[in-house]
Each structure stands twice: as C-alpha cells, then as structure tokens.
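Good morning, colleagues. I would like to take you through one structure today, from its overall fold to a few individual residues. Please keep the sequence and the model in view as I speak.

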Amino acid sequence: MNIEAVREYCLTLPLAEECLPFDDTTLVFKVLGKMFAVVSMLRPDVVIVKCEPELAIELRERYADIEAAWHFNKRHWNELHTEPHLRDSFVCEQIRGSYAAVIAMMPRRVVAAHPQVLTVQR
C-alpha cells in the first residue's frame with residue numbers, strides 16, 4: 001500500500017484530519033485531536049498505528065513486517081512495513097483498529113458529541 005493510498009484511506013474515516021506537527025515530512029492522522037496513524041514521506045512504505053498491547057505483541061510475533069514503532073510507546077504502537085508482503089486490506093484493518101482504539105480511550109462525553117466516530121469498527 002503506497003503512501004497516497006494510506007493517506008486517502010485515513011481521510012475516509014469520520015472526522016479524520018492530517019497535519020505535520022513534527023516536521024515537513026511526517027504526516028500525522030488524527031481524530032478529535034488524537035493521533036491514530038503516522039507515515040513519513042521519507043519512509044513511505046512504513047505506517048505507524050496504535051494497537052491493544054496484547055494484539056501488538058501477537059502481530060509482531062506473527063508477521064516479520066511488523067515491529068514496535070521507533071520513538072513511540074512500544075506497548076501500544078506498531079510499525080507496519082507495507083511492502084511487499086502486507087496486503088492492503090490488512091493495512092486498512094490495522095488503521096481502522098488504531099482509529100477505534102483511540103476513540104475507545106476518549107471520554108464518553110467527547111464521543112457522545114461526535115457519534116459518527118462510532119461507525120468505525122475494528
């Protein structure tokens with residue numbers, strides 16, 4: 001999955017937005033101000049996503065193309081090397097899971113004010 005496809009997919013999720021908070025080459029995708037995916041223009045074959053800790057470990061053990069994300073909390077963030085082995089549908093599934101994980105950690109009143117974010121299932 002190339003960087004353009006990752007960007008397009010992330011922006012299809014309800015209330016998703018992109019920004020460049022770290023530098024001019026790192027795209028960060030947020031929902032309601034919270035980060036759910038990161039991709040660098042310098043490493044366009046890598047997508048960083050949030051994950052439940054147990055699932056993060058399981059995915060790293062199962063797939064050689066998934067590892068703990070560098071410079072992120074290793075318990076919660078995985079780095080997906082999208083080329084050449086990870087299917088696009090799998091990458092999209094991980095992005096959706098990251099989005100859902102971020103929403104799950106938000107206060108109920110915030111989510112209640114934006115019910116469209118609940119339409120995204122893992």
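Before I turn to particular residues, one definition is needed: strands are DSSP runs of at least two residues, numbered from the N terminus. By that numbering, Val39 belongs to strand E3. I should also state at the outset that this is a predicted model.

Let me begin with the chain as a whole. It contains 4 helices and 6 strands. Read from the N terminus, the order of these elements is α-β-β-β-β-α-β-β-α-α. The C-alpha trace spans about 40 × 30 × 25 Å along the principal axes of the chain. For 122 residues, a compact globule would be expected to have a radius of gyration near 14 Å, and the chain, with 14 Å, agrees with that. Of the 122 residues, 43% are buried. Among contacts with a separation of 6 or more, 45% are made by residues 24 or more positions apart. As for the surface, the chain exposes about 6900 Å², and 55% of this is supplied by carbon and sulfur atoms.

I return now to Val39. Is this residue buried or exposed? Its relative accessibility is 1%, and Val39 therefore counts as buried, the limit being under 20%. Beyond its neighbours within four places in sequence, Val39 is in contact with Ile3, Thr25, Thr26, Leu27, Phe29, Pro44 and Val46. One of these, Ile3, is 36 residues away along the chain, yet the C-alpha atoms of Val39 and Ile3 are separated by 7.3 Å.

Next, the interior. The largest nonpolar core holds 32 residues, and those that touch the most other members are Leu13, Val31, Phe36, Ile95 and Tyr99. Two or more residues each are given to this core by helix H1 (3-12), strand E2 (26-31), E3, strand E4 (43-50), helix H2 (53-62) and H3. Which element provides the largest share? That element is H3, with 7 residues. Tyr99 touches Leu13, Pro14, Val31, Phe36, Val117 and Val120, residues up to four places away in sequence not being counted. Apart from the largest core there is another, of 7 residues, including Val28, Val38, Ala69 and Trp77.

The aromatic residues deserve a closer look. In general, a pair of aromatic rings is described by the distance of the centres and the angle of the planes. Searching the whole structure gives 3 aromatic pairs. In one of them, Phe36 and Tyr99, the ring centres are 5.2 Å apart and the planes stand at 85°, so this pair is edge-to-face. What does this pair tie together? Phe36 lies in strand E3 (residues 34-40) and Tyr99 in helix H3, so the pair ties together parts that are 63 residues apart in sequence. Phe36 is buried, at a relative accessible area of 0%, and Tyr99 is buried as well, also at 0%. A further pair, formed by Phe72 and Trp77, is tilted, with 5.3 Å from centre to centre and 45° between the planes. Both of these residues, Phe72 and Trp77, are buried.

Beside Tyr99 in sequence we find Ser98, which lies in helix H3 (residues 88-104). Ser98 is buried, its relative accessible area being 0%. The side chain of Ser98 reaches the backbone oxygen of Phe36 at 2.4 Å. Not counting residues up to four places away in sequence, Ser98 touches Phe36, Val49 and Lys50.

My last residue is Lys74, in the loop between strand E5 (66-68) and strand E6 (77-81). Lys74 has a relative accessibility of 37% and counts as partly exposed. Where does its side chain find a polar partner? A polar atom of the Lys74 side chain lies 2.9 Å from the backbone oxygen of Ala69. With residues up to four places away in sequence left out, Lys74 touches Arg60, Ala68 and Ala69. The C-alpha atoms of Lys74 and Cys51 are separated by 9.8 Å, the two residues being 23 apart along the chain.

To close, I would draw your attention once more to Phe36: it is among the core residues that touch the most other members, its ring pairs edge-to-face with that of Tyr99, and its backbone oxygen is reached by the side chain of Ser98. Thank you for your attention.

Notes:
Residues numbered from 1 in each chain as written. Predicted model: local features only at pLDDT ≥ 70, side-chain atom pairs only at ≥ 80, totals over all residues. Heavy atoms only, no water. Buried < 20%, exposed > 50% of the residue type's maximum accessible area, 1.4 Å probe, protein only. Polar contact = N/O pair within 3.5 Å; in protein donor to acceptor, adjacent residues only side chain to side chain. Contact = heavy atoms within 4.5 Å. Phe/Tyr/Trp six-rings, centres within 6.5 Å; stacked < 30°, edge-to-face > 60°. Core = buried A, V, L, I, M, F, W, Y, C linked by side-chain atoms within 4.5 Å. Rg over C-alpha atoms; globule rule 2.2 N^0.38 Å. Areas by Shrake-Rupley, 256 points an atom, 1.4 Å probe, with all protein chains shown as cover.
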